[in-house]
Amino acid sequence: MTNNNDEKDSLLQDVGLLLFISLFSATAVLMALSGSILLNVIYLFCTILLLMITYFFDTLPSLIANIVFIGIQAVIMIYQYVSQTARIPWKLSFWMIMPILLSLTLYMMTKNLVAIQKSNGELRTALIERGAFDEQTNLRTTVAYRRYSGLCGNKPKI
């Protein structure tokens, strides 16, 4: 059962990685098409900050930070429209959904990676507790040999 869960976690971790790379590639293409270098760099910096919040603090603080980021973007767009200093830059509207998608795929990827690491740690602990093998030589230990050969506490008959 554990092996099946490990395979599922590994597959979901790989899918998360592929989605994350695809979304970052799409972000790069959309950044190139939008043409606004300064705003793209600022939004990219904010997105990386949001991804770090996702990685270190889990999804709830990340989603709250993403909503705040979207709110700030909306306020900037409304201010530009009301003050007539500029038209609403619709080419930059992808920044409203891309950080959330990137955060969710990063969370999906890291959640499954942590599950795999936990499973590997449990397997290592179980192997060490059983004392079946010496880590340096990969040979059976004397304790394991005696336990499995029936010599533990029994004197051989002559």
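# A walk through a five-helix model

With the cartoon on, you'll find 5 helices and 0 strands. Reading along the sequence gives the pattern α-α-α-α-α. Keep in mind as you go that this is a predicted model.

**Stop 1: the whole chain**

Show everything before selecting anything. The protein has 158 residues, and 23% of them count as buried. Switch on the surface: the accessible area comes to about 11600 Å², with 68% of that belonging to carbon and sulfur atoms. Now think about contacts between residues with a separation of 6 or more: 66% of those in the protein join residues 24 or more positions apart.

**Stop 2: the largest nonpolar core**

Hide the surface and select F20, L51, F94, W95, M98, L102 and L106. Out of the 14 residues in the largest nonpolar core, these touch the most other members. Which elements give two or more residues to this core? Colour α1 (2-34), α2, α3 and α4 (98-130), and you have them. The largest share comes from α4, with 4 residues.

Next, centre on L106. Ignoring residues up to four places away in sequence, L106 touches F20, L51, T54 and Y55. Two of those names, F20 and L51, were in the selection you just made.

**Stop 3: T54, then on to D58**

Follow the contact from L106 to T54. T54 sits in helix α2. Is T54 buried or exposed? With a relative accessible area of 3%, T54 is buried, because the cut-off for that label is under 20%. Show its surroundings: beyond residues up to four places away in sequence, T54 touches S62, S103, L106 and Y107.

Then select D58, in the loop between α2 and α3. Check the backbone here: phi of D58 is near 85°, a positive value in a residue other than glycine. At 40% relative accessibility, D58 counts as partly exposed, because that label covers values between the 20% and 50% cut-offs.

**Stop 4: N66 in α3**

Go on into helix α3 and pick N66. N66 has 1% relative accessibility and so counts as buried. What does N66 touch, not counting residues up to four places away in sequence? Put sticks on L50, P99, I100 and S103. You have met S103 already, as one of the residues that T54 touches.

**Stop 5: Q73 and its neighbours**

Stay in helix α3 and move along to Q73. Q73 is another buried residue, at 2% relative accessible area. Leave aside its neighbours within four places in sequence, and Q73 is in contact with Y43, W95 and M96. Try the distance tool on Q73 and W95: they are 22 residues apart in sequence, and their C-alpha atoms are 8.6 Å apart in space. W95 is also one of the core residues from Stop 2.

**Stop 6: the cavity**

Q73 leads straight into the next selection, as one of the residues that line the largest cavity. A search of the whole structure finds 1 cavity of 30 Å³ or more. About 40 Å³ of space lies in the largest cavity. Select L39, Y43, Q73, I76, M77, Q80, P89 and L92 to see its lining. Two elements, α2 (37-57) and α3 (59-82), each give two or more residues to that lining, and α3 gives the most, with 4 residues. How many of the lining residues are nonpolar, polar or charged? Colour by class and you get 6 nonpolar, 2 polar and no charged residues.

Why use a probe to look for a space like this? Rolling one the size of a water molecule over the atoms shows where empty space is left.

**Stop 7: two long-range pairs**

Finish with two pairs for the distance tool. Start from L92, which you just had selected as part of the cavity lining, and add L33. L33 is found in helix α1 and is exposed, with a relative accessible area of 62%. L33 and L92 are 59 residues apart along the chain, and their C-alpha atoms are separated by 9.5 Å.

For the other pair, select L113 in helix α4. L113 is partly exposed, at 33% relative accessible area. Where does D9 come in? D9 lies 104 residues away from L113 along the chain, with 7.3 Å separating the two C-alpha atoms.

Terms used
Residues numbered from 1 in each chain as written. Predicted model: local features only at pLDDT ≥ 70, side-chain atom pairs only at ≥ 80, totals over all residues. Heavy atoms only, no water. 1 Å grid on protein atoms, 1.4 Å probe; cavity = no way out; pocket = protein on both sides within 12 Å on 5 of 7 lines; lining within 4 Å. Points joined across faces, edges and corners; volume = space filled by probe spheres on them. Nonpolar A, V, L, I, M, F, W, Y, C, P; charged D, E, K, R; others polar. Buried < 20%, exposed > 50% of the residue type's maximum accessible area, 1.4 Å probe, protein only. Contact = heavy atoms within 4.5 Å. Areas by Shrake-Rupley, 256 points an atom, 1.4 Å probe, with all protein chains shown as cover. Core = buried A, V, L, I, M, F, W, Y, C linked by side-chain atoms within 4.5 Å.
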